[in-house]
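Here's a walk through one model, from a helix out to the cores, the cavities and a couple of odd backbone angles. Have the structure open while you read.

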Amino acid sequence: NSLNLPDNAWIQIMGYPIYRGQINDNDIPFDSIKRISYNPSPAKTLGRANLIGEQVFYGANDWKIAAIEACQDKLRNEGIKEFYVTIGKWVFVKDFNVSVICHSNIRQGVVKELKEAVEAIDIMMREGRSPEEYQSLLLINKFFANQFAKQNINYNNDYFFSAFCASELLNHSAHSIQGIWYPSVPYLYYGYNYVLKTSFIDEGFIKFEEASFHKLLFKDIDSLPVFEFLKFTSKFENDTIAWS
């Protein structure tokens, strides 16, 4: 609680897509938009960006990342390697403040988006601060960014610091942070994830556009899967997705 968390506030411009994946029990896709949106029940365990008892909307900037992220718990904990996943695509219809988590040294030098984000935020971090204050802020940024980038999750509590950081940013930021942007660990840090406040969803900041259905086959937990495209639709009415 003694840490002054930097929120690295950045404006997310409307018009960009966000994808979310949900695992199916069989080869029949979900036909409800609500079913592939955020879980309406408070979380019973820590997530990378949620404390116990919190509700958030996890998503990604690419459908492949969303699909891979959806499979991670069962892939890691149960050894399942074949999945059917329904992917929803939404689009941001309003601008909003997003906190950018990008200062981990992992892959920063080779992933263009991470390097550009660090350079842009570095300018804001230096403004109005002494060299000592800047270095202190940089260390805090690196600490929490490394927590978001953590790969070896052996216990659920390994998520604590990233979950704590996300909770503070979404609920207590001076800049009214509505979402958090952080690199996707399972996708080798190429591409990124979003975590959004559920009130942001309920208030209509994103609009549902389409759904797709895929089969994923993993060789092992450290490999990217083979994708098989199964279905796609942009037809829906109210909460019902119309698959052709």
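In helix α1, the buried residues (under 20% relative accessible area with a 1.4 Å probe, protein chains only; exposed is over 50%, partly exposed in between) are I65, A66, A67, I68, C71, Q72 and L75. This is a predicted model, where local features need pLDDT of at least 70 and side-chain atom pairs count only at pLDDT 80 or more, while totals for chains, interfaces and linings use all residues. Numbering runs from 1 along each chain as its sequence is written, and side-chain values use heavy atoms, with hydrogens and water left out.

Those buried α1 residues pack against β2 (17-24), β3 (56-60), β4 (82-92), β7 (192-197), β8 (206-217) and β9 (226-233). Helices here are DSSP H or I runs of at least four residues, strands are E runs of at least two, and both are numbered from the N terminus. α1 covers residues 63-77 and bends by about 40° at C71, the bend being the angle between axes fitted to the seven residues ending there and the seven starting there. At the N-terminal end, D62 is the cap, with a side-chain oxygen 2.8 Å from the backbone nitrogen of K64. After α1 comes G79, with a positive phi near 75°.

Now the cores, meaning sets of buried Ala, Val, Leu, Ile, Met, Phe, Trp, Tyr and Cys residues joined through side-chain atoms within 4.5 Å. The largest has 38 residues, and W181 and L196 touch the most other members. α2 (112-126) is among the elements that each supply at least two residues, and α2 gives the most, with 5 residues. Leaving out residues up to four places away in sequence, L196 touches I18, V56, F57, F92, F96, Q178, G179 and I201, where contact means heavy atoms within 4.5 Å. A second, separate core of 18 residues includes L170, I177, Y182 and V195.

What lines the largest cavity? The lining is L5, P6, N8, I101, I140, N141, F144, A145 and C165, and α3 gives the most to it, with 4 residues. A cavity is a set of points on a 1 Å grid over the protein atoms alone where a 1.4 Å probe fits but cannot get out; lining residues have an atom within 4 Å of a point. This one holds about 50 Å³ of space.

Lastly, two asparagines with positive phi:

| Residue | Phi | Place | Relative accessibility |
|---|---|---|---|
| N8 | about 45° | segment before β1 (9-12) | 6%, buried |
| N238 | about 55° | loop between β10 (236-237) and β11 (240-241) | 70%, exposed |

Notes:
Polar contact = N/O pair within 3.5 Å; in protein donor to acceptor, adjacent residues only side chain to side chain. 1 Å grid on protein atoms, 1.4 Å probe; cavity = no way out; pocket = protein on both sides within 12 Å on 5 of 7 lines; lining within 4 Å. Points joined across faces, edges and corners; volume = space filled by probe spheres on them.
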